[in-house]
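Q: Please take one part of this structure, the loops and the helix contacts, and go through it closely, residue by residue where possible. I would like a connected account rather than a list.

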Amino acid sequence: MWEQAINPAYWWGATAVASPIIIHLINRMRFRRLAWAAMEFLLKSQQRNRRRILIEQLILLMLRCVIVLALVALVVRPTWWMGEAAQARRQEMPHYHFIVLDDSLSMQDLEDARQPNGPTAYRRATALIAKLVQDYLDVPGAHYLTFFRLSQPATPEFGPPYAQLGDAPPGQLLTQEEVSRFVARLEATAPTSLRLGPKDWLTLFRGSEQTTGLSAYLGKIKRGHRYLHLVSDFRERDWNQESFRPVLAQLGDWARSQDVQIRLYDVSAPTRTQDNPQERPTSHSNLSIIHVAARAQQRREEGTAASAVPVQVVAPGVPFDLEITVRNFSANERQGLRVGVRVDGVEKNEFARIIDRIGSYEERTIRLDMRFYETDSPGPKQITVYVEDGQQPDHLPADNIRHVYVELRRDLPVLLVDPDHMLDSPKPPSEYIASVLGGTRRLGWRPERCRPNELKNRKLDDYPVIYLLNVPGVGTGPSDLDEDSLKALENYVRRGGSVVFFLGERVNVDLYNRFLYRNGQGIFPAPLALRPVPNSNLTFVDEPPDLDDMAPKIRVLQTGHPAFNFPREMLEEFARFLQINRYYKVDPAWRPPADVQVLVQLTNREPLTNFRLETVEIVQLLNQDTSPQRVILASYAQRMLNWVADAELKRSRKGPLLDAIAGLLTDQQLTEYWKRPDRKELRQRLERFQQRLLEGDPLVLESKVGTGGRRGTVVVFLTSANPSPIPGRNYSWNNWGNEMFFSYVPMIVFLQSYLAGESRKAREIETSLLLASTVEVRFDKEQYAPRLQLYYWPEGKSREEAQALGAVAGTESGQEVVFRLHPQQAGFYILRLNEPGEGITPKGDPESRILVFNPDCREEGDLRRVAEADFQQQWLRALIEGETRLAFQEAQQIVSRAPLLTEAAPPPQEYLRTKSWSDYSWVLLVLLALLALEHFLAMLFSHHVPMGEKGLLPPPAARLVSMPSGAGEAATATATAG
């Protein structure tokens, strides 16, 4: 019993309880007294009140003994009244340890770059954790351990899952056997290639819909000490960023509300110094490949433009580029870097390239000229790009490698939907498109043709681009799209496919508006005007441009668009001589929404007479000017007036009028003139007039269909794809495919390359992904069953040697089925869809998809470490400015209790501390009350005359005289001085 105390050695202090007893006995010593009349009276009075006085003295004696014992107990701090929570030093309150290990990519940081198989930050972390756990085993008391890896927040690596706890303590009780088992499991773990950020930390701390966080574990602890150990490399990129403040705020909230003791361990090398928190610790230099993409190659000899979109499918002999971006994450310049390539695990030295230099924290993007040959076997090709520095080894070699895959096909199919593709004369529009795309094997395209109602029978995802040429509309006729084919086409576009419309004489405007446009819900981007020309029954505009007008006939509004990226001279000639004689007009009330843009616009074809009146008014305003620039203004005004004087003869020619207005607005001699505030209104009127003269009907539209990264692309030409002849006229729909063939061919090639890349852009999102704790992939639920088989495909191995990783169940979301994958290593993965299985009904033929996962090196490659002072400042701001809004002193106290430790610190003294009843404030209040009670009773039981009351006064002079008696005893006499 006496050992059940925090400081049992101080029980000897209880002997002090004898002090009030001894004092009481001394006061009770007997003396001989001499008889005295007045004293006799007092003695008789005392005998009458003796019992009451005795009781009062005993009460005071007992109260003083209790106060002495209470003071001793405050020092000894006994615990036998605290129940099971404090059963002696070896049976004190349990300790619950939660260890979280950061296993992100940066934890693969090598301690010595010259030893690729040497210790890393992760191995330093596992060694530190093993020592910590062994130290806890040697500390008295019950210790429970729960160990998490940051990449797996759903299930602890060691310790029972939350769902299995029940009423049991949260954690595994540490014994020598359990410690050995834990250390063995710890050494078997390996770091991932994941980028783990604040979202992952919060998921582990707070939980999510799929996981139970540490908050639930801490909430189950009714009594006991709570310890949270975070083991990481504490990089500047993470812990000193505003995005990490919610993580730090959560730690502070636990430390304050649940008395969780936070332990932070920095395991990076070199070891940070503990005596200078302001100093930024030394970090290792690093080199990373942060991006790789296969792109269409720029072929200047053919006049084609470079494509800014990825390429996934290539053909033999068709060159393409590997675009590689390398970043130097160090303060020193790196030189002589070799960028190499492996294809299916085989080194390809012919594609390698040297980067002469790359500066501090600089990015360099290079292009490797790649191609496959006829001798190469078709199918998916694993391409691995790596960078190496022969002079300076890298501390994080895992981010020096990046993967990409392309599919090698003998040729690339393109689908031409043409109801007239069987005709020989006149040549159908599909013949013109096919002659461009299939005219040379260097392009690698293989045109396939079909009728509109055959779309439902084809696997449309095999075609990067589908052309709809002079399709009448949606209906039951042999040339129409039927409802099933329309549905298949719309699903294809919304999955990221690309479609091109060329309109012709077969087009039914009403059917297009009702079924293809569908009030903006369909795939056609704009409504068509039903009767675009007054007093005409035609649904299209039939108006040849003036051949004598040398002004441009069209305007390319998006000059940087890949489909119209002509050289300037070629673009000017193209705009001047292209004749669009028949076209479909967009409804004049329609305005382009955000996801639709006009690529090419016809020039204004209104008669010049419609603009004569406004021209005259502007000329009059210019002639009224009296400024020093009036001569220049009058010159431009006269040119404008002269051109509209015989407007009837000039039909719709507006070139010189537009030139005069442009000169007024851009002439350098008029710069100061237009700066005057009183000329602002005139300039705005000129600009509006110029815009009106330029604006014509749209000719080419582009729209994006769908949401997110899976948006499809639709391009619409409001005229025909071929120079379709017009019966009874000496002109055709346009002259693009014959007289303007020099622009028609590159335009179709540009357009095909662009749309093929756009069509595969959505697929690139599905097939080339950044590693994350959870990756979502989506498929059409009408084509794929809600379960897939996941395989890891090692580099250089055949697909038959892929390693099975198990089945993944999907969940339906709208029109899609969503699969959540949890890859942890970079490389190639295979998804097998629609495979038969128990409880699964395939919705189509079995199919394989390839996924490529790469690390987020832009975030994980920066190994710079946070200074402890910066980290603490960020933590303070999170506590002061966050939701908790703690006072500065309280926040500072929380932060100061959790410094960045660099080694397994010995168990702190609070491990040995047991809770005693003396920890509670009410104990001190009780002691204070006892002292006050003793003082009150001492005053109450005393024989003092209350102030203000009269009583018997003592003699003027009196003294107690002691004299020895005959027997040697002291005699007492009272003498009164007279």
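**Loops and helix contacts**

A: Pro270 sits in the loop that runs between β6 (260-266) and β7 (286-296), and the peptide bond joining Ala269 to Pro270 is cis, with omega at about -5°. This geometry, like everything that follows, belongs to a predicted model. As a frame for the local detail, the protein chain contains 23 helices and 35 strands, and of its 978 residues 50% count as buried. Among the chain's contacts between residues at least 6 apart in sequence, 77% join residues at least 24 apart.

Two further loop residues can be read through their backbone angles. Phe234, in the loop between β5 (225-232) and α8 (236-239), has a phi near 45°, which is a positive value in a residue other than glycine. A positive phi, near 60°, is also found at Asn535, which is placed in the loop between α12 (509-517) and β20 (541-542). Their surroundings can be set side by side: Phe234 has a relative accessibility of 0% and therefore counts as buried, the cut-off being under 20%, whereas Asn535, at 88%, counts as exposed, since that value is over 50%.

The next loop residue introduces a pair of helices. Ser627 is located in the loop between α14 (612-623) and α15, and with a relative accessible area of 6% Ser627 is buried. Apart from its neighbours within four places in sequence, Ser627 touches Leu633, Tyr673 and Arg676. Leu633 is also one of the α15 residues that make the contact with α16.

For that pair, the axes of α15 (residues 630-644) and α16 (residues 655-666) come within 9 Å and cross at roughly 165°. Because an angle over 145 degrees counts as roughly antiparallel, α15 and α16 are described in that way. The crossing of α15 and α16 is left-handed. On the α15 side the contact is made by Leu633, Tyr636, Arg639, Met640, Trp643 and Val644, and on the α16 side by Pro656, Leu657, Asp659, Ala660, Ile661, Gly663 and Leu664. Sorted by class, these residues of the α15 and α16 contact are ten nonpolar, one polar and two charged.

A further set of contacts is centred on α21. The axes of α21 (residues 868-881) and α22 (residues 888-896) come within 9 Å and cross at roughly 135°, which makes α21 oblique to α22. The crossing of α21 and α22 is right-handed. From α21 the contact draws on Gln872, Trp875, Leu876, Leu879 and Ile880, and from α22 on Phe888, Ala891, Gln892, Ile894 and Val895. By class, this contact of α21 with α22 has eight nonpolar, two polar and no charged residues.

Helix α21 also meets α9 (residues 245-257), with axes that come within 8 Å and cross at roughly 75°, so α9 is roughly perpendicular to α21. Here Arg245, Leu248, Ala249, Leu251 and Gly252 in α9 meet Phe871, Gln874, Trp875, Arg877, Ala878, Leu879 and Glu881 in α21. The residues of the α9 and α21 contact divide into seven nonpolar, two polar and three charged. Trp875 and Leu879 appear among the α21 residues that meet α9, and Trp875 and Leu879 are likewise among those that touch α22.

Burial can also be followed along a whole helix. Helix α10 (residues 429-437) is mostly covered, with seven of its nine residues buried, namely Pro429, Ser430, Tyr432, Ile433, Ala434, Val436 and Leu437.

The last residue to consider is Ser732, placed in the loop between β25 (712-717) and α19 (741-767). With a relative accessible area of 13%, Ser732 falls under the 20% cut-off and so is buried. A polar atom of the Ser732 side chain lies 2.8 Å from the backbone oxygen of Asn734. Once neighbours within four places in sequence are set aside, Ser732 is in contact with Asn581, Pro723, Ser724, Pro725 and Ile726. Ser732 and Gln579 are 153 residues apart in sequence, and their C-alpha atoms are 9.3 Å apart in space.

Key. Residues are numbered from 1 along each chain as its sequence is written. This is a predicted model: local features need pLDDT of at least 70, side-chain atom pairs count only at pLDDT 80 or more; totals for chains, interfaces and linings use all residues. Side-chain values use heavy atoms; hydrogens and water are left out. Axes are lines fitted to C-alpha atoms, for helices over the stretch in contact, and angles run from 0 to 180 degrees between N-to-C directions. Helices (H or I, at least four residues) and strands (E, at least two) are DSSP runs, numbered from the N terminus. Angles under 35 degrees count as roughly parallel, over 145 as roughly antiparallel, 65 to 115 as roughly perpendicular and the rest as oblique. A crossing is left-handed if the near helix is turned anticlockwise from the far one by less than a right angle, and right-handed if clockwise. Contact means heavy atoms within 4.5 Å. Ala, Val, Leu, Ile, Met, Phe, Trp, Tyr, Cys and Pro count as nonpolar, Asp, Glu, Lys and Arg as charged, and the others, Gly among them, as polar. Buried means under 20% relative accessible area, exposed over 50%, partly exposed in between (1.4 Å probe, protein chains only). A polar contact is a pair of N or O atoms within 3.5 Å; within protein, one must be able to donate a hydrogen and the other to accept it, and residues adjacent in sequence count only if both atoms are side-chain atoms.
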